[in-house]
Amino acid sequence: MNNYIFYRKNPQYTANERRWRRSAEAYSGGREYIEQALIRHVSEIDMEFAERKRRAYYFNYPRAIARRITQYALSIEPVRRHVDAELVDDWSRTGLRTNDVMRQVSTLLNVYGRAWLLVEMPFFQGQPTLLEAKKERLRPYVRALSPLQVVDWAYGSDGKLVWALIAEEEYVNHDPFSPPVRLRRRRLYDRNCWRVFENSSGSVMEIASGVNPTGCVPLIPITEPDGFGLAANHWFEDVVRISEAILNNESEAQMNTVKQMFGMLVVSDSFARCAKKLAVSEGKEDNFAATVARSAAIIESVEEKGISRYISPSGVATDTIREENRYLKQELYDVVGLAVQGNSKEAQSSESKAWDFQNVSQFLCARAELLEQAELDAWKLMRRYDLDLNVPDVHYNRRFAVNDLASGIAGLLQLSGIAAGNAYKRAVGRTAVELLDAIGHVGIKEKETIINEIDQE
């Protein structure tokens, strides 16, 4: 069988793969990322750079930003009405709740600018009874995929996916008496069927296949419309580059601190010549260090001071580097849209504060709308597998900043006094529930009960 299916990649995948992997490494952090991101100076010797790499540490701002956006956007649990509680509690069939899967989607969007939701059904043969289906948990499930997992796809004339190819790896380790095996696989979906291919020792074979009862490719693409939707690079790449600048600056500041503590030896030229002659006479020339670098001795001529001493970088240089890092950090959060006040120590005007909060609020509202639509599409796709499954009403929170709660309550009381129909009164009541939640957190089930009572009046 032709093994091209293991090498084909979508042009968008090929164009972004390197950046996606770099973003994933920055989000992950750790020693491996530090060794990749740390930049060596032109005049830095091996010994010195090796020490700097061993000492380096990483403030993981990319992960902090990606997680913070997700935490803000999903700080209030979405409302899901008329939903199967069992499915919500284990949406992925691996123990992840619906909220957990959607948090993964949000973070994937932050890191890559793109994510996928895969909706599947466990493979089974025959027609299991209801009892067997419940025991074996034969029901649809949803999982979040990164763009690095979906390697190729194609759209039809109707604007929908015709097929999609997913890269998979399986670690087979069932037998404790046999060595484990890592298998490379590709799962191909089209609108009518699915097929699994395995590459074993360079030989490709089809190992499984089945019918796709949904009539569509069971993958939901999720893309930030103002990113790849406009053929633009994703903003997280800039976050990574600024974070790497902070990493390298901090590494320099740290080494300056070390040099201030230990200093660097400066010896006279005459002493160096005498020491070298002595080393040669004793057959120990290899032990004489004459390398000029931060970690070795600096040799001065007799015409200069000629006094052996220790020198160290100025503390002012370290402070300057740290101040630059503070500036970069502030700009980092400002560019992303998470900063709500500037560097100025002066009090912000009410208009400035309102504008900052509005920026953050609108950013999070757009994210909530994107997640809400993706989840609703997943529920609809799940129902294609199981017609008895309900598609719930899904509502994500879109109120992320209440600048003046007292004014909001006063305004709501005035609105409630307006003589209007039942639909208007129900709208006022639902708004009151949100204000009540802002004053003191209302549980998701309690909020749903209150809203049901309002709608029934």
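Buried here means under 20% relative accessible area, exposed means over 50%, and partly exposed is what lies in between. Keep that in mind for the two residues we'll look at in this predicted model.

First, the chain as a whole. It carries 14 helices and 13 strands. Of its 457 residues, 38% are buried. About 26,400 Å² of the protein chain is exposed, with carbon and sulfur atoms supplying 52% of that area. If you take the contacts with a separation of 6 or more, 67% of them link residues 24 or more positions apart.

Now to the sheet. Five strands make up an open sheet, running in the order S4-S5-S6-S7-S8 with antiparallel pairing. Its edges are S4 and strand S8 (203–211), each of which pairs on one side only. On average, and ignoring direction, neighbouring strands of this sheet are turned by 20° against each other. Further in, strand S6 (residues 181–190) and strand S7 (residues 193–200) run antiparallel and are joined by 6 bridges. You can pick out one facing pair there: Arg 184 stands opposite Asn 199 in S7.

Two residues of this sheet are worth putting side by side:

| Residue | Strand | Relative accessible area |
|---|---|---|
| Ala 154 | S4 (residues 150–155) | 22% |
| Arg 185 | S6 | 16% |

Is Arg 185 buried or exposed? Its relative accessible area is 16%, and the cut-off for buried is under 20%, so Arg 185 counts as buried. Leaving aside neighbours within four places in sequence, Arg 185 is in contact with Phe 6, Ile 166, Ala 167, Glu 168, Glu 170, Val 196, Phe 197, Glu 198 and Ile 207. Of these partners, Val 196, Phe 197 and Glu 198 fall within the residue range of S7, while Ile 207 falls within that of S8.

Ala 154 sits in S4, which is one of the edge strands. With a relative accessible area of 22%, Ala 154 is between the 20% and 50% cut-offs and is therefore partly exposed. What does Ala 154 touch, once neighbours within four places in sequence are left aside? The answer is Lys 160, Leu 161, Val 162 and Trp 163. There is also a C-alpha separation to note: Ala 154 and Asp 190 are 36 residues apart along the chain, with 9.7 Å between their C-alpha atoms. Asp 190 is the last residue in the range given for S6.

Definitions and conventions: Residues are numbered from 1 along each chain as its sequence is written. This is a predicted model: local features need pLDDT of at least 70, side-chain atom pairs count only at pLDDT 80 or more; totals for chains, interfaces and linings use all residues. Side-chain values use heavy atoms; hydrogens and water are left out. Helices (H or I, at least four residues) and strands (E, at least two) are DSSP runs, numbered from the N terminus. Buried means under 20% relative accessible area, exposed over 50%, partly exposed in between (1.4 Å probe, protein chains only). Contact means heavy atoms within 4.5 Å. Accessible areas come from the Shrake-Rupley method with a 1.4 Å probe; for residues, only the protein chains shown count as cover. Two strands pair if DSSP finds at least two bridges between them. Axes are lines fitted to C-alpha atoms, for helices over the stretch in contact, and angles run from 0 to 180 degrees between N-to-C directions.
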